[in-house]
Structures are given as structure tokens and as C-alpha cells.
Amino acid sequence: MIQYDIMYDVIVVGGGHAGCEASLAAARMGCKTLLLSINLDAIALMSCNPAIGGQAKGHIVREIDALGGEMGKNIDATGIQFRILNTRKGPAVRASRAQADKQQYRLRMKRVLEREKNLDLKQGEVTALYLEEGTVKGVDTRANVRFLAKTVVLTTGTFMRGLIHIGLTSYPGGRAGDIPSIGLSDQLREIGFNVGRLKTGTPARLDGRTINFSCLEQQCGDIKPQPFSFSTVSIDREQLPCYIAYTNPQSHDIIRKGLDRSPLYAGIIEGVGPRYCPSIEDKVVRFPEKERHQSFLEPEGSDTVEYYPSGLSMSLPIDVQWAFYRSMKGFERVEIMRPAYAIEYDYVDPIQLHASLETKIVKHLFHAGQINGTSGYEEAAGQGIIAGINAALRVLGKESIILDRSEAYIGVMIDDLVTMGTKEPYRMFTSRAEYRLLLREDNADLRLRDKGFELGLVSANEYMLFVKKREMIKSSLEKIKQQKLFKSTASPDFLARHELGDIQNSITFEQLLKRPSFSYEELGALDPSYLDTPADVRDQVEIQVRYAGYIDRQHDQIKKMEKMESTRIPGEFAYKDVGGITAEVREKLEKFRPDTLGQASRIQGVTPAAMAVLSIALKSREQN
């Protein structure tokens, strides 16, 4: 074994979305960091859909940006269509989504990584961890090189024992065109980690020159694209349209006739697939009453003819794929440039992690991304930045940061994973967050920018602009509480237009904003100075005033939970000595080993009665 002559603070294994954020966070915090990837040309590659954001995922991207991560800036610089989803719904569920120029996204992220002064990039397949007395000390590669480090972050994506399926043909691969990682998951299993098997898939990539777009419904982005990053002033790139296509009864018949050659239905695939993003085989079988399924046809970039038909992932043989895609309107002569496929890969049960994403079995080892059972670029990147931060903090001898469920979607996701584990690919939804009115996209900076700055991930200039924005929001809220509209001096037309005939002598501007029909902009008709308020400040003031009652209620709920969330459970706590709880509850607590009372309360099957007993036992332990 050849030992490399540099001692690193942090080694990040894997150059996907989790690995990029982890390595940048650690390096920017002053740690000498090494990113090891099987293929340096595939860093930040979008293996599946060429898009960032969406429901709850857009929230995560903005939280990453607020903490000082790169994903938001990267999509702003390389996006080719931006849309805000759910604009007719409340602010809690509005979400940003953008199509990316797939190659430009990858290239820009690689350029950012290469320019980071504390970060080295090297190509190599990690086959094992180098351990000493239960602590990770480095990694070994296929080329027989050992790299030493104080901490290691595993972000292996779909590469651990990756197996690609196209019909009844299977072959090893981390994704199409890349070799898998062999050996690492076997070692993790030997060490004592619970290693499972998951499955995901991707649609074919279609040749746009062979698609009849005139038959399809065009979908354009927003006229004024809204950036993901709080640091981006505007989006200046040319925007491209997407298209909507549909399957039909003939398409479904082709799928049904090919099921005998589907690895999914032939019992060849062992891994559990994503419930919320099923393959077209699954959709046809599970929803036989549906005559059609929708697909968004998404361009893969400005300089390519490849298109991604979302929602049409499959693992059927090539001949069935040809027949299926060509059965759709507008696709009659379509050519497949890259076939659809399913992929199986190993993951590690995330209940064996602390909320810091450090493993409970091996010290100084962190896991982030699909190795933890999640799906999606955004979920991976959210874990990546936290793992990178906490690996750096471990090196610096400082306390880990743990994002609470009331602070961030990233906190909700990590808490879900480490307290409940997952048996299927985990995807983030707004419905998973009990405090979602507080965890909006628009206020991610108000929630997390201070943390990013304190960690050294947010520049002084970015932070100064944020502080200025926060002060403007505060002064605007104070101003509208003081300023009043007097009935005696108001225009009768204005009163009638806004249905204000019911007011007595006067009404504050704050009370005006609480009315659904009244907006911040309309305050400009009463006081022109309001027209000078920046749009992001206006939005914050409106939301905070309109939803004040609901927001206050959620803050009250958080206060009630604070004590449980802050009550630590020692790692060596002896649950066997706690009387008054059932054997089933004791077994669950022994298995999950929660870090706090709050975590314990969210473990399925741990009853309120058991929580009361456990709380008393912890108090008694402290007193003794």
C-alpha cells in the first residue's frame, strides 16, 4: 500500500451533489480537504432529470444557499428555464424549480471546486476505509494508494455495488457510462453497519430532431425568472421552453405485453424503488384505470438536441422502449439516444447516524446523500453541506451544528432519517414539516444566514447585504404599525375600491395589509415612499403581517417542544434499567439510540407514557 504524503483534515468520497457541498463547506472553513471521485469529468453530473428544485426541494436549495453553499448559485448561472410552482397557494408551499443546462451545470461546479484554495481533487475508486480502534483514519483506493485524514465523509450516491438493468440484461455500473464502487459496502457490513438495497431509474434520452413539437403543448418559464440564490441579482440567460406529452392506451398495452421481460416484475430487481417517483411500468400496473400519464419533455441544455421525458423511467428492453416512446403523439419517429434503465445500489440504514451525520459505529466518519437512503440532488446536497460543516467542526474541536425541525427542511429531513430510518428512497415534501409556515423559501436567509456567516461560509459582503435587508424588514414592520389611514382625509373612491367603508375613524397600515384584497404595493397610493421598498422586503412584510396569528401559534408549539429537543440522552444510557416501559419500546430505543428526548418521541411505537417514564429516568440520573 502506497501512503500519500499529505495529511488531510477532511476526505470526501464521491463527487455528486452531496460531495460537492461537503467538500466546499469543509475547505471554506479552513480545512485541508480532498475530494475523491471515480470520474472527475462527472462531478455534479445530473444523472437523472436536468433540473433543480421543486416542491420542498426548492426550499432545501435556498437553505443551502443561506448557509453559504453553492447549489443555488450554480443553477442561477446555468439555468435555462425558471418557474415558481404553486403560486395560487399560500407562501409555505410555493416552490422554485429550474431546468439546467446539464453540461454547463457540471462544468461550472467543477470550476468552482478547482478554484477553492483548500481543496484538492483526485480521481480514484475508494475500496475501503482505513480504521484504527474504531476511528476512521483515511481511505484506500483501487490503485493501492492510502490517503490519510482526520475525518471522512462518504457520499457514494448509487455507486456502491451499482447494478444497471435494461430488460433482462444486467451489468455493473454506478450509472450509465461509469464503473461501480466494489468492496466498500462489504467492509461497512463487516464493521456492523446495516447495509440495504435500493433501486431507482431514469427515462431514455430522446433526439429532439426526431420529435414533432407542433403536436405538443408548450410550457414556458416565468417572464421574470426568480433566482434561487439570495446573492444573485438577476437571471440573464436565454430561457428555453419545455413541452407536455402524454401516454395513451396503446402505450400502456405495449408496457403490459413487455412485463414478462421487465426485471422489476421478473423478480430480478431486489431493491425497493421510490414510491413517489414510480417507473412507467409501475404506473400502468398500479393505475389500470388511467388512460394516460403526463410527461414533461425537458431540454438537457442549450447546445444539445437531447430531451428528458420526465415521469417515463423504465427498465424494459430496448425494443419495448422503441415501441413505447413511438406510440406517443409527437414521438412517432423518435430516436432514443440513451436508453432508459433501472439501477440497484447499496445504502446504509441512517438510524446508525447522529443528527450531525457522524456514524454511531465509527468515529469521525460521516455519511451524506443516497448512502443514507435519500433520493434527489437537493436532498443529497442538503446533507452534504451539513456533513462537510460537521466534519470541519470535528477537526477544529468545536461542537457540531444540528438544525432543528423548526429551523430548516434540512433539519426535518435529517431528523426523519436518523430517528425513523428508511426502507425506500426518501424524498422531501412540505407535508413532512410540522412547522412549514415558518420554513418558507422566502425566509431561508432570515433563518440560516447568521449561522452561515458564523461558520465562515458566507462572505462579509453577502452578510452585510443580508443585515441591511433584515433591518429594512424590521423598520417597515414598525412603520406600518404606526402609520394610519384616516377616514376623514381618505378619498371616497379609494375607500370604496378597497371596501373600507366599515372603518371608524382610522385604520393602521398594518391592519390594511391584513385584508386579503390589499397589498404592500397599494400602500404606495397612500405614501409614495413605500414604492421604493425592495420586492423581497415587501414580500416579507406582507407574509409576516398576513399570517401573524398562524406564525405565533407555531412559535408557541416550538417553545413547548424545546425542552424535549434539548434534553440529551447519553450514548451509553442503559434502557434495560428503566422500569415501566414495555419490552417492545425498550427494544426500539436500544436499536435507534436517540440523541435527545425529542428524537425518542418521534420513533414509531414509542408511546407518550414511555416518554414520561424515560423523562423521569433521565432526571433521576442527572440528580444522582
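**Entry 1: His364 and Leu357**

Before looking anything up, I fixed my terms: a residue is buried under 20% relative accessible area, exposed over 50%, and partly exposed in between. I also reminded myself that this is a predicted model.

With that cut-off in hand, I checked His364. Its relative accessible area is 24%, so His364 is partly exposed. I found His364 in the loop between E19 and E20. Its phi caught my eye: the angle is positive, about 70°, although His364 is not a glycine.

Then I went to Leu357, in the loop between E19 and strand E20 (365-367). Leu357 has a positive phi too, about 75°, and is not a glycine either. Is Leu357 buried or exposed? I read 0% relative accessibility, so Leu357 counts as buried.

**Entry 2: Asp303**

I picked a loop residue next. Asp303 sits between strand E16 (294-299) and strand E17 (306-309). Its relative accessibility is 74%, so I put Asp303 down as exposed. I also looked at how Asp303 is placed against Lys102: 201 residues separate the two in sequence, but their C-alpha atoms are 9.9 Å apart in space.

**Entry 3: Lys199 and the cavity**

Lys199 lies in strand E12. I wondered whether this lysine is buried or exposed. At 6% relative accessibility, Lys199 counts as buried. From Lys199 to Ile343 I counted 144 residues in sequence, yet the C-alpha to C-alpha distance is 5.6 Å. Beyond its neighbours within four places in sequence, Lys199 is in contact with several residues, including Leu264, Ile269, Val272, Ser279, Ala342, Ile343, Tyr345 and Pro425.

Lys199 turned up again when I searched for enclosed space. How many cavities of 30 Å³ or more are there? I got one. The largest cavity has a volume of about 30 Å³. Its lining is made of Lys199, Gly201, Ser279, Glu281, Ser313, Met314, Ser315, Tyr341 and Ala342. Strand E12 (195-202) and strand E19 (341-348) each give at least two residues to that lining. Sorted by class, I have three nonpolar, four polar and two charged residues around the largest cavity.

**Entry 4: the second largest pocket**

I moved on to open space. The second largest pocket holds about 1400 Å³. I listed 35 residues lining this pocket, and those nearest its centre are Arg62, Gln226, Ala535, Asp536 and Asp539. Which elements each supply at least two residues of the lining? I noted strand E5 (95-100), helix H11 (444-455), helix H12 (460-482) and helix H15 (535-546). The lining of the second largest pocket has 15 nonpolar, eight polar and twelve charged residues.

**Entry 5: helix H2**

Arg62 from the pocket lining also led me to helix H2, where Arg62 is among the buried residues. Why did I write that H2 (residues 57-67) is largely enclosed by the rest of the structure? Eleven of its eleven residues are buried, so the helix is largely enclosed. The buried set includes charged residues as well as nonpolar ones: I see Lys57, Glu63 and Asp65 in it, along with Ile60, Val61 and Leu67. After H2 comes Gly68, with a positive phi near 105°.

**Entry 6: the nonpolar cores**

I had a general point in mind here: in soluble globular proteins, nonpolar side chains tend to be buried together. The largest nonpolar core has 69 residues, and Ile52, Tyr105, Leu113, Ile386, Ile389 and Ile410 have the most contacts inside it. Helix H9 (residues 377-395) gives the largest share of this core, ten residues. I also noted a second, separate core of 24 residues, with Ala204, Leu216, Tyr325 and Phe331 among them.

I then took a closer look at Ile52. Setting aside its neighbours within four places in sequence, I found Ile52 in contact with residues including Met46, Val61, Met71, Ile75, Tyr105, Phe228 and Tyr377. Arg97 and Glu378 are also among the contacts of Ile52.

**Entry 7: strand E1 and its partners**

Last, I followed strand E1 (residues 2-13). E1 pairs with strand E9 (residues 145-154) in the parallel sense, over eight bridges. Across that pairing, Met7 stands opposite Leu148. How many bridges join E1 to strand E2 (residues 33-37)? I counted four, and these two strands run parallel as well. On this side, Val13 stands opposite Leu36 in E2.

Terms used. Residues are numbered from 1 along each chain as its sequence is written. This is a predicted model: local features need pLDDT of at least 70, side-chain atom pairs count only at pLDDT 80 or more; totals for chains, interfaces and linings use all residues. Side-chain values use heavy atoms; hydrogens and water are left out. A nonpolar core is a set of buried Ala, Val, Leu, Ile, Met, Phe, Trp, Tyr and Cys residues joined through side-chain atoms within 4.5 Å. Buried means under 20% relative accessible area, exposed over 50%, partly exposed in between (1.4 Å probe, protein chains only). Contact means heavy atoms within 4.5 Å. On a 1 Å grid over the protein atoms alone, a cavity is a set of points where a 1.4 Å probe fits but cannot get out, and a pocket is an open set with protein on both sides within 12 Å along at least five of seven lines; lining residues have an atom within 4 Å of a point. Grid points are joined across faces, edges and corners, and a volume is the space filled by probe spheres set on the points. Two strands pair if DSSP finds at least two bridges between them.
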